[in-house]
Amino acid sequence: MKLFIKILIISTLSFSYSYSACDFKVELGVKRDAFESLNLTGPPLPLEYENFDIYGILADDICPDQNLNEVAVEYKFLNDELVAINMIALNDDRNIVSESLIMMNYFKKNYGNFETPDNPRAFSGFEVIDKNNKFYVYQRIPNDDGIINEQIYISSPELDTKLMEYMQNLEEQQLKEQQ
């Protein structure tokens, strides 16, 4: 009987561990130098925006037990500060990642449950969960080509405000240049 209880406890702990949230290795607000010293990714993606960089990595590299195949993780830095983490389904015209529901299920297990239709694959829209001074946004929206844009966005109100103000200023600047 004791052997059975030990096996049950070990199995439960193993199951719980394998379904825990990804370890992104850094917290929001961390400075770029501290992030780069971890050697998680290569150099930032080539962008044309001043003071804004995105570092990318495959989710399998930092979430090996989550089965997040074909999901990318982006670390977004503004003025050398991590302002957001984005998980993105790498869908093609077959939408294999989104059809498997791995990102939706991951979000529900780790950040909060939300209502979906009887067929969760028919869900289109977004859901926001506020927790521990962070917010988590799940988005699943098909584009004009039928490819599903599925993402999980993680930030805090303060850091997201900084990013949105930067993007708004950038957009206004681009509009002025076009005139």
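Strands (E, at least two residues) and helices (H or I, at least four) are DSSP runs, numbered from the N terminus, and two strands pair if DSSP finds at least two bridges between them. This is a predicted model, where local features need pLDDT of at least 70 and side-chain atom pairs count only at pLDDT 80 or more, while totals for chains, interfaces and linings use all residues. Residues are numbered from 1 along each chain as its sequence is written, and side-chain values use heavy atoms, with hydrogens and water left out.

**Exercise 1.** Work out the strand order of the open sheet and find its edges.

*Solution.*
- Start with the order: 6 strands line up as E1-E2-E3-E6-E5-E4, with antiparallel pairing.
- Now look at the ends: E1 (52-58) and E4 (125-131) each have a single partner strand, so one side of each has no neighbour in the sheet.
- Then zoom in on one pair: E1 and E2 (residues 71-78) run antiparallel and are joined by 7 bridges.
- Pick out one contact there: leucine 58 has alanine 72 in E2 as its bridge partner.

**Exercise 2.** Track down the disulfide (a pair of cysteine sulfur atoms within 2.5 Å) and say what it ties together.

*Solution.*
- Find the pair: cysteine 22 is joined to cysteine 63, S to S 1.9 Å.
- Check the twist: the link is right-handed, with 125 degrees about the S-S bond.
- Place both ends: cysteine 22 sits in the loop between helix H1 (2-18) and helix H2 (32-36), and cysteine 63 in the loop between helix H3 (59-62) and E2, so the pair ties together parts 41 residues apart in sequence.
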